[in-house]
Amino acid sequence: MRIISGLYKGRRITAPKKLPVRPTTDMAKEALFNILNNQYYFDDISVLDLFSGTGNISYEFASRGTNTITAVDANFGCIKFINATAESFEMTINTIKSDVFKFLEKSKQKHSIIFADPPYDFELEVFSKIPELVFKNELLEAEGVLVVEHSKHTDLSQLEYYSYSKGYGGNVFSFFTLK
C-alpha cells in the first residue's frame with residue numbers, strides 16, 4: 001500500500017503478514033479521497049477511522065494535513081503497527097484498542113468524517129449497527145459523513161441515513177449523512 005497524496009505522497013507502507021487485515025486498495029482509496037476532497041478541507045476536520053487495520057486510511061488523512069485522527073481497532077498488533085508507523089512519519093494519530101461497537105456506544109466526541117472498514121463477511125444486521133450507533137449517539141458534526149467500505153455483494157442502501165454508494169472493483173463505499 002502507498003500514500004496517494006500530500007506530504008508523504010508515494011511513500012510505501014508494508015504491514016506485517018500476520019495482521020488480520022485487508023487494506024483498502026490504492027485505486028479505491030484514491031477515488032474515495034477525490035470525493036472527500038471536494039467536500040472538506042482536510043486540515044480543518046476530525047476523522048474517526050473504525051476497524052482501522054493497518055491504518056491505511058488514517059495515514060492518507062494525516063498526509064493531507066488532518067491533525068485530529070482517531071484510529072480504533074480490536075487487534076493489538078494493528079494498533080502497535082499504526083503507532084509505530086505514525087511515529088516514524090511524525091503523524092498525529094490517536095489509537096484506541098477496542099471493540100468498535102463498544103467504542104461507538106461510549107464515545108461522545110463528534111467527527112467530520114467517520115470511516116469504517118469492517119470485515120466484508122459481516123451479516124447485514126452487523127453492518128447496520130455502525131450507522132445506527134453513529135447517528136443515535138450523534139458522533140457526526142452537522143455536515144459530517146459516515147463512509148462504510150464493503151463488498152459489492154453487500155447492499156446497504158436500505159439502511160437509515162443511507163445517501164449513496166460508489167463502487168470500485170470489488171469494493172463499495174456507502175455514504176451516510178443526516179437528512
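Trainee: What volume does the largest pocket have?
Mentor: Happy to start there. Keep in mind that this is a predicted model. In it, the largest pocket has a volume of about 400 Å³.

Trainee: Which residues are the closest to the centre of the largest pocket?
Mentor: The lining has 26 residues, so let us go to the middle of it. Closest to the centre are Pro20, Phe51, Gly53, Asp73 and Asp117.

Trainee: Which elements give two or more residues to the lining of the largest pocket?
Mentor: One strand and two helices do this. They are strand S1 (46–50), helix H2 (56–63) and helix H4 (100–106).

Trainee: How many residues in the lining of the largest pocket are nonpolar?
Mentor: Let us sort the lining by class. Five of its residues are charged and seven are polar. The nonpolar residues number 14.

Trainee: Is phenylalanine 51 buried or exposed?
Mentor: Good one to pick. Phenylalanine 51 is found in the loop between S1 and H2, and its phi is positive, about 55°, although it is not a glycine. Most residues other than glycine have a negative phi. The relative accessible area of phenylalanine 51 is 16%, and the cut-off is under 20%, so this residue counts as buried.

Trainee: How does tyrosine 161 count at 22% relative accessibility, and what is its class of exposure?
Mentor: Tyrosine 161 lies in the loop between strand S5 (140–151) and strand S6 (162–168). Tyrosine 161 also has a positive phi, about 75°, although it is not a glycine. Because 22% falls between the 20% and 50% cut-offs, tyrosine 161 counts as partly exposed.

Methods:
Residues are numbered from 1 along each chain as its sequence is written. This is a predicted model: local features need pLDDT of at least 70, side-chain atom pairs count only at pLDDT 80 or more; totals for chains, interfaces and linings use all residues. Side-chain values use heavy atoms; hydrogens and water are left out. On a 1 Å grid over the protein atoms alone, a cavity is a set of points where a 1.4 Å probe fits but cannot get out, and a pocket is an open set with protein on both sides within 12 Å along at least five of seven lines; lining residues have an atom within 4 Å of a point. Grid points are joined across faces, edges and corners, and a volume is the space filled by probe spheres set on the points. Helices (H or I, at least four residues) and strands (E, at least two) are DSSP runs, numbered from the N terminus. Ala, Val, Leu, Ile, Met, Phe, Trp, Tyr, Cys and Pro count as nonpolar, Asp, Glu, Lys and Arg as charged, and the others, Gly among them, as polar. Buried means under 20% relative accessible area, exposed over 50%, partly exposed in between (1.4 Å probe, protein chains only).
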